[in-house]
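Reader: I have a contact between two chains to go through. Can you take me over it?
Author: Yes, here it is.

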There are 4 protein chains.
Amino acid sequence: MTLAMNAQEVMDYMAEVFPQVRDDFAIDRLEETSLTMRLLTDERHLRPGGTVSGPSMFALADCAVYAMVLARVGRKALAVTTSCSVDFMRKPEAGRDVVAECRLLKLGRSLAVGDVLMFSEGRPEPVARATMTYSIPPAR
Amino acid sequence: MTLAMNAQEVMDYMAEVFPQVRDDFAIDRLEETSLTMRLLTDERHLRPGGTVSGPSMFALADCAVYAMVLARVGRKALAVTTSCSVDFMRKPEAGRDVVAECRLLKLGRSLAVGDVLMFSEGRPEPVARATMTYSIPPAR
Amino acid sequence: MTLAMNAQEVMDYMAEVFPQVRDDFAIDRLEETSLTMRLLTDERHLRPGGTVSGPSMFALADCAVYAMVLARVGRKALAVTTSCSVDFMRKPEAGRDVVAECRLLKLGRSLAVGDVLMFSEGRPEPVARATMTYSIPPAR
Amino acid sequence: MTLAMNAQEVMDYMAEVFPQVRDDFAIDRLEETSLTMRLLTDERHLRPGGTVSGPSMFALADCAVYAMVLARVGRKALAVTTSCSVDFMRKPEAGRDVVAECRLLKLGRSLAVGDVLMFSEGRPEPVARATMTYSIPPAR
């Protein structure tokens, strides 16, 4: 079990294939079965009242698991999300990044599963949780 | 069982509270327990390859169920998403709107549940499905 | 699109591989992309108060989608559930079978997705909904 | 944050209200926001091949979160499951108990959320994960 890409390589690859998200996310930490990613919270991620929107939290969880899978299988793979579940538990605080703690629960030949707890930075209680399943195409 | 708001009133209210989404969605049809909403697919909703992004489909499903609940309970309620599940089953086609068919499965005092099938317009097979649960705050 | 097995063949196969469930379920209707299955509600499926238990409804949804997939791909396949989501919306009524209406939403080479609405027999409002994803092993 | 009931009190209460499950589950550990519960794996929980069935793992996750909520809110509350998501990731091993590690992620006035990782006893990799949402009725 080793990493196929480091955090910088993962971010460079994501910026290349998803240019829209290049300014949205940063990887704080990357290990063999876990990763910390933050949403660089900006006006465009907010709902009225200053809270981070549901689609922005979905995107954070999705990117966190995608980055984790990429880091393990390398850039040759074109993984796609096949299913997810998300629970929104508390209102994220305005003016704070949302930090996602991702664990890779399974990395099989064709399916990968990761789960994510999301926090308003510096707060102990999770604002949301998510599980994402990615389909990994067969190596050619 | 009657509607508290018609389609135009729902869209006006959503444009007021979520100005970011005013250009993204349109309601094609609204009945007492079902609704059709479309994502007015634009460059900003796409992933490379021209396919609609996961967060954009999540946002469509979320807005469709939100609009359905609003239409029934009226603008006084501040419903929030508490949980969701989404299955991404096929790649949406480039250059077509994504159309969401929403059914209201439950409208209780405190929880509402709606499910959604999403299609690339004019195609028979669903590209994704989602279920959204909304928490409805008690009337004051 | 044709069926690889009819309802009787599906039930015979399930009775062979899952003998525990042979007395629990019956197929009322089987078509190419949908199926109706009932839970033959008995004492062992109940919670106190006479309502059908969560695990019994989970098992019904799981078997309904499994039967639907089997009917299409035939007995050679050993499909396994990889993920599910369930929403419990109303209390099932005592003394009534629970009837599951299953739709096959996707039948791909490696993944199948079906969703299920469950009703207390004869009642119009669903007691629960579920989505099940099955992994289909490659043909040898 | 203290416990309203200890492990023995929780098990006694569950045996009283769910007599069917009294022989199925045991609490190994109970703390303020986490709990370990095991499925005392027996013939009736198995599928052919000796693996633990999906409904049995669903029941374990459901009981683990229910016990966690009970331990916090006390026996006066009649909590019911409103939604769940489950990912089945590996085949449980025959002849081993399934051990569930539950974390209480939210305990609000009306909703509680817990997630669960399940392991074949003594094995490091999870066989399944689940999230359960319980609705807590208002105190009378």
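Author: A term to begin with: two strands pair if DSSP finds at least two bridges between them. Note that this is a predicted model.
Reader: OK. What is the bridge partner of Val86(C) in S3(D)?
Author: The partner of Val86(C) is Cys84(D).
Reader: And how many bridges join S3(C) to S3(D), and how do the strands run?
Author: Five bridges join them, and the two strands run antiparallel. The strand in chain D spans residues 80-88.
Reader: Back up a bit. How many residues does each chain put into the contact?
Author: Chain C gives 20 residues and chain D gives 20 residues.
Reader: What area is buried between chain C and chain D?
Author: About 1,700 Å², with 58% of that from carbon and sulfur atoms.
Reader: Which three residues of chain C supply more of its buried area than any other three?
Author: Arg47(C), Phe58(C) and Phe88(C), which supply 29% of what chain C buries against chain D.
Reader: Polar stuff now. How many salt bridges and polar contacts are there across the interface?
Author: The rule finds zero salt bridges between chain C and chain D. Four residue pairs are in polar contact, both residues being at pLDDT 80 or more.
Reader: Which elements of chain C each supply at least two residues of the side that touches chain D?
Author: Helix H2 (54-73) and strand S3 (80-88) of chain C. The largest share comes from S3(C), with eight residues.
Reader: And that side of chain C by class, what is it made of?
Author: Eleven nonpolar, six polar and three charged residues.

Key
Residues numbered from 1 in each chain as written. Chains lettered and ligands numbered in written order. Predicted model: local features only at pLDDT ≥ 70, side-chain atom pairs only at ≥ 80, totals over all residues. Heavy atoms only, no water. Contact = heavy atoms within 4.5 Å. Buried area = accessible area lost by both parts, 1.4 Å probe. Salt bridge = Lys/Arg side-chain N within 4 Å of Asp/Glu carboxyl O. Polar contact = N/O pair within 3.5 Å; in protein donor to acceptor, adjacent residues only side chain to side chain. Helix = DSSP H or I, 4+ residues; strand = E, 2+ residues; numbered from the N terminus. Nonpolar A, V, L, I, M, F, W, Y, C, P; charged D, E, K, R; others polar.
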